[in-house]
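Let's take a walk through this structure together. Have a look at it first, and then we'll start in among the strands.

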Amino acid sequence: MDIHNTNEDIVFNAVQNIFDEIQSSGNPEKYCLCYQCRIDTICYTLNRIEPNYIVSNRGFTRIEQSGVKHQQIEADITSLIYKGLRLVNHNLRPTAPHDGSTTATLRTLNPVYDIPTIAGRIFNGASFEPIVGVDVSLYCDGEPVVMRNSNWQNPFSMVPSTPGAFSFWPAPITADAPETTKEFKFSIKINSPDYETLSHFFTISAISKFHNPQSYALNRTFKLPDLYLFPPGEAEQNG
């Protein structure tokens with residue numbers, strides 16, 4: 001099932017960052033920073049916060065719009081992580097090697113370019129109000145982009161519940177070899193009888209890897225600049 005707890009992303013990324021910062025600072029407290037201790041700290045933290053489930057890009061755009069609440073959640077999670085880190089190190093799991101390893105390798109049959117989620121906002125250029133009632137399409141090299149699963153739509157329909165906000169999560173792209181860098185040329189296009197046609201072009205660089213994440217990470221979102229739609233002839237009138 002394509003149900004995802006977005007707080008998992010926040011906790012996973014925060015634990016990785018905190019453990020890496022401790023390691024880079026010389027680890028003065030001599031904490032064990034092995035992979036198992038990271039996982040135990042993640043579990044400790046997740047068991048003490050409420051989940052936040054979404055199933056589609058519609059839910060993702062709602063999270064993108066609640067910035068202040070998201071910052072408070074991150075602050076609470078950071079506090080829990082440090083508490084969990086100390087407790088985990090006080091009771092080290094006896095079945096783990098604690099050999100200083102920091103990562104576990106996950107592999108698929110083929111290396112892939114994992115494209116991040118793409119998010120943006122669209123406003124009426126005349127009134128500056130968020131746009132609703134139009135479809136936003138994502139293309140790569142002129143072709144419609146296939147989404148990661150059926151819960152992510154392309155085109156994305158702008159609706160009142162998420163005014164002005166849209167998001168996409170492209171499917172991974174198979175690579176010939178791992179650790180190769182490639183630039184993908186994307187474009188956002190909107191065709192509506194109520195507005196002038198809009199095309200916005202941008203490039204995303206990706207590195208091919210065997211690891212293919214099955215969940216999206218909020219800190220890996222490629223955010224587009226705010227876009228504006230104008231009624232027919234409005235742009236020319238305003239110069």
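Keep in mind that this is a predicted model. Start at Arg 121, whose bridge partner in strand E8 is Ala 165. Not far along the list of pairs, Ala 119 sits opposite Ser 167, again in E8. These belong to the pairing of strand E4 (residues 118-124) with E8, which is antiparallel and has 4 bridges.

Now stay with E8 itself, which covers residues 165-168. Side chains in a regular strand alternate between the two faces of the sheet. Here, Ala 165 and Ser 167 point one way, while Phe 166 and Phe 168 point the other way, and all of them are buried.

Back to E4, which has further partners. Strand E12 (residues 222-223) runs parallel to E4 and is joined to it by 2 bridges; Ile 118 has Phe 222 of E12 as its bridge partner. Strand E13 (residues 227-229) is parallel to E4 too, with 3 bridges between them, and there Asn 124 is partnered with Leu 229. As for cover, 6 of the 7 residues of E4 are buried, so the strand is mostly covered.

Let's finish with a pair of helices. Helix H1 (residues 6-24) and helix H2 (residues 35-46) have axes that come within 10 Å and cross at roughly 135 degrees. The two are therefore oblique to each other, and H1 passes H2 in a right-handed crossing. Where do they meet? On the H1 side the residues include Val 11, Phe 12, Val 15 and Phe 19, and on the H2 side they include Cys 37, Ile 42 and Leu 46. The residues of this contact divide into 7 nonpolar, 5 polar and 3 charged.

Methods. Residues numbered from 1 in each chain as written. Predicted model: local features only at pLDDT ≥ 70, side-chain atom pairs only at ≥ 80, totals over all residues. Heavy atoms only, no water. Axes fitted to C-alpha atoms, helices over the stretch in contact; angles between N-to-C directions. Parallel < 35°, antiparallel > 145°, perpendicular 65-115°, else oblique. Left-handed = near helix turned anticlockwise from the far one by under 90°. Contact = heavy atoms within 4.5 Å. Nonpolar A, V, L, I, M, F, W, Y, C, P; charged D, E, K, R; others polar. Buried < 20%, exposed > 50% of the residue type's maximum accessible area, 1.4 Å probe, protein only. Pairing = 2+ DSSP bridges.
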